[in-house]
Amino acid sequence: MSQAFRFIDLFSGLGGFHLAASSLGGHCVFASEINENLHGVYEQNYGVRPSGDLRLVDPSMIPDHDLLCAGFPCQPFSKAGGQKGWRDTVRGTLFFNIAQIIELKSPKYVILENVANFLKHDGGNTYRQVIQALNELGYEVAASKLSPHQFGVPQHRERMFIVAVRSSLGSFTWPKPTHEPTDIAQVLDDLPAAAKPIPPHVIECLGVWQEFLDALPGSFRIPYYPIWSMEFGATYPLDRPLHKLKVKELQQYKGSFGISLSGMRREEIYKNLPSHALREVGFPSWKVRFIENNRRLFEENRTALEAWVEKIKGFHSSLQKLEWNNKDGERSVWSHLIQARASGLRVKKTTCAPALVAASDSQIPIVAWKRRYLSVRECSRLQSMESLIMPESVYDAYEALGNAVNVHVVKLIMQNLLLSGESVELEKFYGSAVMSV
């Protein structure tokens, strides 16, 4: 960059925006983070102590700055519109606090980050109101979805980015994906001391699922749809809510894993049905097809799977489900990355880790062939922030990394944005005719 610039880091977390901006010559003049557990870590890494809840900060007390960065939460906005412009539609949301700062301080550049589903949040209303508010404040806006795996970092983490420039975007373009090959081996350590081992019951369950794969005929392709073993042998009806059926009617069917419901009371029947079956409304057509596929899978392979069903019964319902995300890859759970989710065990290729999430440290990817989870340091590499000091608590570190922005992706965006601003300033100085020569 031709000169240093000042930036502020809102909802700062571990400071992914800070790391990117400072590497390009930026100087942080203000940061804000509601999680007080991260204040000390941020200060250790950057020498800046974040303020707390942004809603309690007086915008007039924030120093002037050239760039505003924020990975903000997306609460639903007002659909009404009204007569007060952006203030009327975004009031009561955290974006309102961002917009207040933008109105008062008029930074030249704004970069916002949110989940990939941001476009669809609240029926698309949230996205429309953010763009409208920025336009009303005098900014030209662009938005795009980008993921680290498109730029050589082995994490599939698609996120929505919004950039805004006062008056005009100038020559700004989004960074072009390099699509260079990636592999989880890029971030792995041989013997990380702090890596969390897989719990024994998960190892046991993975072994049972390997038996499932081995039991299927070699010519039988592993299904693309999630496998719900509790549907193996089940016959309860899918075309109407079960609570509307009389007990005598329910007793004619089979519940989870094909258990007969004959002679059971209603409460006992419900205990022997999959939790997803106890809906107040009927199944959507796509889920009916999905469950029918699972039942058909079992019937076509009943001889090979009957003994196996007895083994999977003893595990928690989330471990009774398997998603195989590697099409015709090696039929071994031990050769893949695995994520243990409430929706089931997700088996993935080793080319790319699934997106880190803040929900639980148990959802950190499992390196199956090493019988352990990714370590905090390995996860920090997936977010391109290996150089940072992390929270002392492993749980806090995983949570913060799950909430973080990827530094490499943000830096590429920021670099293009700042360069576009320089081209606009040069054009103003020399004249458009000279610049076009």
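In this predicted model, the chain carries 48 positive and 45 negative side chains. The centres of these two sets of charges lie 6 Å apart. The accessible surface of the chain comes to about 20400 Å², and carbon and sulfur atoms account for 50% of that area.

The overall build of the chain can be described next. Its secondary structure comes to 14 helices and 14 strands. Taken along the principal axes, the C-alpha atoms fill a box of roughly 85 × 55 × 45 Å. Of the 437 residues in the chain, 52% are buried. Among contacts with a separation of 6 or more, 66% join residues that are 24 or more positions apart.

Moving to the interior, the largest nonpolar core has 107 residues. Within this core, F212 and M414 are the residues with the most contacts. Once neighbours within four places in sequence are left aside, M414 is in contact with F17, A20, A21, L24, L67, C69 and I111. A second core, separate from the one around M414, has 29 residues; V90, I102, L137 and A164 are among them.

Two serines deserve a closer look for their backbone angles. S106 sits in the loop between α4 (94–105) and β4 (109–115). The phi of S106 is near 45°, a positive value in a residue other than glycine. With a relative accessible area of 36%, S106 is partly exposed, because this value falls between the 20% and 50% limits. S167 also has a positive phi, of about 80°, although this residue is not a glycine. The loop that holds S167 runs between β7 (159–166) and α6 (200–215). S167 has a relative accessible area of 61% and is therefore exposed, the limit for that class being over 50%.

On the other side of α6 in sequence comes another loop, between α6 and β8 (227–228), and P226 is found there. P226 is partly exposed, as its relative accessible area is 26%. Not counting residues up to four places away in sequence, P226 touches F290, N294, L322 and E323. How far apart are the C-alpha atoms of P226 and I184? These two residues are 42 residues apart along the chain, and their C-alpha atoms are separated by 24 Å.

Conventions
Residues numbered from 1 in each chain as written. Predicted model: local features only at pLDDT ≥ 70, side-chain atom pairs only at ≥ 80, totals over all residues. Heavy atoms only, no water. Core = buried A, V, L, I, M, F, W, Y, C linked by side-chain atoms within 4.5 Å. Buried < 20%, exposed > 50% of the residue type's maximum accessible area, 1.4 Å probe, protein only. Contact = heavy atoms within 4.5 Å. Helix = DSSP H or I, 4+ residues; strand = E, 2+ residues; numbered from the N terminus. Areas by Shrake-Rupley, 256 points an atom, 1.4 Å probe, with all protein chains shown as cover. Lys, Arg positive; Asp, Glu negative; His and termini not counted. Charge placed at Lys NZ, Arg CZ, Asp CG, Glu CD.
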